[in-house]
Each structure stands twice: as C-alpha cells, then as structure tokens.
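Hi,

Here is the structure I promised to pass on. Have a look at it first, and then read my notes below.

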Amino acid sequence: MLYMLISHAAHDGHITILNLLRYITFRAGCACMTALGISLLLGRPLIRTLRRIQREGQPIRAVGPERHILEKTGTPTMGGVLILISLVISMLIWGDLENGFVWAVMLTTLGFGAIGFADDYRKLARRNTDGLSKRARLGGEFGISLICGLWLQYLMPPELANHLAFPFVKDLLLPLGILYPVFAMIVITGFGNAVNFTDGLDGLAIGPVIVASLVFAILSYLVGNHVFADYLQIHAVPGTGELAVFCAALVGAGLGFLWFNAPPASVFMGDTGSLSLGGALGSLAVAIKHELVLCIVGGLFVAETLSVVIQVFWYKRTGRRVFLMAPFHHHFEKKGWAESKIVIRFWIVSIVLGLCGLATLKLR
C-alpha cells in the first residue's frame, strides 16, 4: 500500500525522502518488524480467546508419546491464525499490491490456512483427532495448488514458464510442457503436508520455517534482480524480487509466534499454521524456479515426510516398524531424548541445510 502511494507521488513529481520506501530491502526490513510487532501485540489476547472458546484445548493422539497426553492436554490450537493475521497486515502495508506474484503466493497461503482452519475446527468440534476426510483435504489442497501453478506460469517469462531449473547447473532447463502446473501442484501440496508432519513438538516446525523463509528472502531478491541474476548465472524472473518482502514478513510473523510457542507452548499453530506455512514455502519455490533447492533448504520437512512414508510402507509389507514412531522426531522422543534437545538439534540441521541451499548460488 505504501509502495503504491509513493510510486504515484513520484509520478506526480512529489519526490521526498519517503522514496526510500521504494527499495525492496528497506520494505522487507519494515515488513519483518511490523509482522513481529503485530504478533507480539495480538498474541496474548488471541491465546486468551482461544482458551475461552476451546476450553479443553487441542485433542492429543492417544497413540503418541505418553508425556504428550500429560503435558500438552489443554493447550489451545489454531495459533496459525496469529501468523496469518500478522503476515497479511504487514504485506498490505509494505507490499506492492500491484504485483501478481505477491497475490498468487499470499492467496495460496491463505487458501491452505483455510483448509487447516476447517480441519482444526472439525477436530475441536468432535473432540478427537479426526479432522477433514483425506479426500476433502487433499482435494482442496490440490485445487488451490493447481490454480497457483497456472497463475504463476502465466506470470513467468515464456522461456521459463514450463521448465524446471536445476541447482548446481548453469543453463539446464527441463521442459515439462503442460505437465508443469501438475508438478507445481505436487510441490506446493507436498510441502504443505510436509510442514504439517513436522509440527509435533513445541517450536519444532516454526524454527525451520523461519530459516527457510530467510533463505528464500535472499533468493527471491536475487532472482528478481537482473544484475544479480546474471552475475550469479541463475534464471531471472522479473517481479519476484517483491516476494522478499513477503518472506521477511513471514520471518517476523514466525518469530512473534515462536515467542508464544517456545517450550512449554502457550498455543499450538495447528493445521491452520502448518498447512499455510508449507503452502507458502511451496508456492515461493515455484514462483522463483527453485523447487529443487526447496528440497535442500526444507530437507528436514522432506525427511519427516519420508519417515512417515517408509514407516507405513514397511509396516504394511512386513508388520514391523522401521522407527519406534513416525514422524521420526517422535522416534527420538521414544529413545528418551528431551523435547528441547530434539527441537534445538533439528533447528541446527535446518540452518545447515539453509546454508547448503544458499551455496547453490555459487556452486555452478
């Protein structure tokens, strides 16, 4: 909003010091601080409201680690609403609202958040862990992801629109043709659910999301800038630099939520938060043609998802389990690791993976 006002003022010849707002880096910093401030300001009132409405808090799976039932029962869920409110308000203030990439990513994030909200609401209403049916949930996710993929494909330069770019290689593009929107749909939906699998301990999911958002803020800025893109020999996508503001706002909203989600958590993000955050990361990766780099940066989410797939597949084949419990952060809980140790070590892994993702910019 402020960007549009300044642009019109400059067009009319009214040049002031406020032209600083035209710089993406400045607005990204402001978006981060705004989202953080809103989250900290609204956090306690929202948690009180959620406690009053939910009374008994989020239903806890009886098959999970025993101490979850003892320690986490009564904690309210749907804390992802706080992330989404902070993110959207910050973007409405600091984002370029004439940028199609911003709207595509933001509406995808909100769409996944709406599905997560419906899933959380159903669990609370029924007082069990059975939310939306798998068909309804995946159908909604695939539908939103496909629309996002088609939208982003329309916004991209024709020479990149239907192609998959590879990290570590300068000029290799794999043409996917009409299958690219389907590929984008799989990436966005896959990461939406990958973050959802990871959200099982206090602070576990939001930490890696913050790291991934920081990495993609840098990548978005570079991909959207022809000078930097040419120097680093990455594929430029005009207009995606504005997504750095979105990523920065996501970092601020995530930090604000972590203030209340730090162990012992005062609120859980629920599917409202985990699905929306995963959808945001997936759509960001598609927008800047770094889908495979997301698999590196978000490697922790990929590993958590694979642990579930492997566990289910092997159990159906042999009747035995590979892990004591899946997703595999619960495996370490079953082995006696303290929750804080698991969370902090997983954060360390996510930071290392984030650095590996940034290394793809030079290792070409």
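**What I found**

Met78 is buried, with a relative accessible area of 6%. Keep in mind that this is a predicted model. Met78 sits in the loop between α3 (66–72) and α4 (80–94), and its phi is positive, about 70 degrees, although Met78 is not a glycine. Lys289 also has a positive phi without being a glycine, this time near 60 degrees. You'll find Lys289 in the loop between α12 and α13 (291–297), and at 3% relative accessibility Lys289 counts as buried.

There are a couple of cis peptide bonds to look at while you're on the backbone. One runs from Pro263 to Pro264, with omega near -10 degrees; Pro264 belongs to the loop between α11 (243–261) and α12. Another goes from Ala326 to Pro327, with omega near -5 degrees, and Pro327 is in the loop between α14 (299–318) and α15 (328–334). I flag these backbone features because most residues other than glycine have a negative phi, and most peptide bonds are trans.

**The annotated site**

Next, the part I'd open in the viewer. An unreviewed UniProt entry carries a "binding site" annotation that covers Asn196 and Asp271. The two span 76 residues in sequence, yet their C-alpha atoms are no more than 6.5 Å apart, so they gather at one spot. That comes from the record, and such annotations may be inferred rather than shown by experiment.

Asn196 is in helix α8 (residues 180–198), while Asp271 is in helix α12 (residues 270–287). Are they buried or exposed? Asn196 counts as buried at 16% relative accessibility, because the cut-off for buried is under 20%. Asp271 has 7% relative accessibility and counts as buried too.

Which residue makes a side-chain polar contact with Asn196? That is Arg137, at 3.0 Å. Arg137 also has a side-chain polar contact with Asp271, at 3.1 Å, so keep Arg137 on screen when you look at the annotated pair. The wider surroundings of each residue are as follows, leaving out residues up to four places away in sequence:

- Asn196 touches Arg137, Asp271, Ser274 and Leu275.
- Asp271 touches Gly116, Asp119, Asp120, Lys123, Arg137, Asn196 and Ser276.

The two annotated residues therefore appear in each other's lists, with at least one pair of heavy atoms within 4.5 Å.

**More on helix α8**

Helix α8 holds a couple of other residues to look at. Thr198 lies in α8 and, with 0% relative accessibility, counts as buried. Beyond its neighbours within four places in sequence, Thr198 is in contact with Leu204, Ala205, Phe301, Glu304 and His329.

Val182 is in α8 as well, but is partly exposed, with a relative accessible area of 34%. Val182 and Gly149 are 33 residues apart in sequence, and their C-alpha atoms are 7.5 Å apart in space.

**How α4 meets α11**

For helix packing, try α4 and α11. Their axes come within 9 Å and cross at roughly 145 degrees, and the crossing is right-handed. On the α4 side, the residues that meet α11 are Leu82, Ile83, Ser86, Leu87, Ser90, Met91 and Trp94. Facing them from α11 are Val245, Phe246, Ala249, Leu250, Ala253, Phe257 and Phe260.

**Cysteines**

Last item: how many disulfides does a search of the whole structure find? Zero. Take Cys30 and Cys32 as a case. The cysteine sulfur closest to that of Cys30 is in Cys32, 10.0 Å away, which is too far for a bond. The reverse holds for Cys32, whose closest cysteine sulfur is the one in Cys30. A disulfide would need the sulfur atoms within 2.5 Å. Cys30 is buried, with a relative accessible area of 17%, and Cys32 counts as buried at 17% relative accessibility.

That's everything from my side. Over to you!

Conventions
Residues are numbered from 1 along each chain as its sequence is written. This is a predicted model: local features need pLDDT of at least 70, side-chain atom pairs count only at pLDDT 80 or more; totals for chains, interfaces and linings use all residues. Side-chain values use heavy atoms; hydrogens and water are left out. Helices (H or I, at least four residues) and strands (E, at least two) are DSSP runs, numbered from the N terminus. Buried means under 20% relative accessible area, exposed over 50%, partly exposed in between (1.4 Å probe, protein chains only). A polar contact is a pair of N or O atoms within 3.5 Å; within protein, one must be able to donate a hydrogen and the other to accept it, and residues adjacent in sequence count only if both atoms are side-chain atoms. Axes are lines fitted to C-alpha atoms, for helices over the stretch in contact, and angles run from 0 to 180 degrees between N-to-C directions. A crossing is left-handed if the near helix is turned anticlockwise from the far one by less than a right angle, and right-handed if clockwise.
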